[in-house]
Structures are given as structure tokens and as C-alpha cells.
Amino acid sequence: MSQGLLAAGSVLQSSVAAPGNQPRPQSPEDDDRKVRRREKNRVAAQRSRKKQTQKADKLHEEYECLEQENAVLRREIGKLTEELKHLSETLKEHEKMCPLLLCPMNFVSVPRPDPVPGCLPR
């Protein structure tokens, strides 16, 4: 059993001590490359955050415009509903006294060219 532990330990040591796994000394060119890469990454991240913020701002503006448009349309619906109610009441009142609807002759099917002038008093 101790041999199995020793064998596992030697495998670990050999993998850690492998030439590809040891850090190599950094040259000034490597340091410069690393600094340039970090700077480029930092600039790209800033650009990405700015783009995200602009997109969020644009969506917020669009939301505000749609909210305003929605409010205008709701007011228009209210006005049109009131107009419909008023016109329906006016029609009901007219039907009560309309001579064309009260006359028994009107139940005979006779084509009329324009029914509106017929409702006017004679």
C-alpha cells in the first residue's frame, strides 16, 4: 500500500517537474506583449460597457416614447367611447320618433336610394 502512495507521489512530482510545466523566465518582450494585451483588453471592455450603456439608454428612451403614445391612445379611446355612447343615445331617441320606423308601410320591402333624406320631416 505504501508503494502505491509512493508511485502516485512520483507521478505527481514528475508531472510538476516536467519541462513544459515549469515557468520560464519572462523576457522584456513578453512583458511588453502582456502589457499591450492587457491595455487592448481594457479598451475593448470599456468600449463594450459604453455600447451596453448606450443600448440601455436607447431602450429607455423608446420605452418613454411608447408610454406617452400609449397614454395618448388611451385618451383617444376614452373620447371615442364617450362619442359612441352619445351617438347611440341620440339614435335611440331618434328611433322613438322616426316617421319611417313608426309607419306600418315601411315594413314592406321597398328599395330606397338614400334612407337619410327620408328621415327628414316633410
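Here is a short chat about a predicted model of a protein.

Student: What does the secondary structure of the protein come to, in helices and strands?
Tutor: Start at the N terminus and read along: the elements run α-α-α-α. No strand turns up in that order, and the tally agrees: four helices and zero strands.

Student: Which element has the highest mean pLDDT?
Tutor: Let's start with the whole protein, which averages a pLDDT of 80, with 65% of the residues scoring at least 70. At the bottom end of the elements sits helix α1 (residues 2–16), with the lowest mean, 49. Over residues 10–15 the pLDDT is below 50, and beyond near neighbours in sequence that stretch has one contact in the model. At the top, with a mean of 96, is helix α2 (residues 28–97).

Student: Is Cys98 buried or exposed?
Tutor: Buried means under 20% relative accessible area. Cys65, at 49%, is above that cut-off and is partly exposed. The other cysteine to look at has a relative accessibility of 1%, so Cys98 counts as buried.

Student: How many disulfides does the count come to?
Tutor: A disulfide is a covalent bond between the sulfur atoms of two cysteines. For the count, the two sulfur atoms have to lie within 2.5 Å. By this rule the number of disulfides is zero.

Student: What share of the protein's accessible surface belongs to carbon and sulfur atoms?
Tutor: Buried residues make up 2% of the 122 residues. The accessible surface comes to about 11,900 Å², and the share belonging to carbon and sulfur atoms is 61%.

Technical notes: Residues numbered from 1 in each chain as written. Predicted model: local features only at pLDDT ≥ 70, side-chain atom pairs only at ≥ 80, totals over all residues. Heavy atoms only, no water. pLDDT = per-residue confidence, 0-100. Helix = DSSP H or I, 4+ residues; strand = E, 2+ residues; numbered from the N terminus. Contact = heavy atoms within 4.5 Å. Buried < 20%, exposed > 50% of the residue type's maximum accessible area, 1.4 Å probe, protein only. Areas by Shrake-Rupley, 256 points an atom, 1.4 Å probe, with all protein chains shown as cover.
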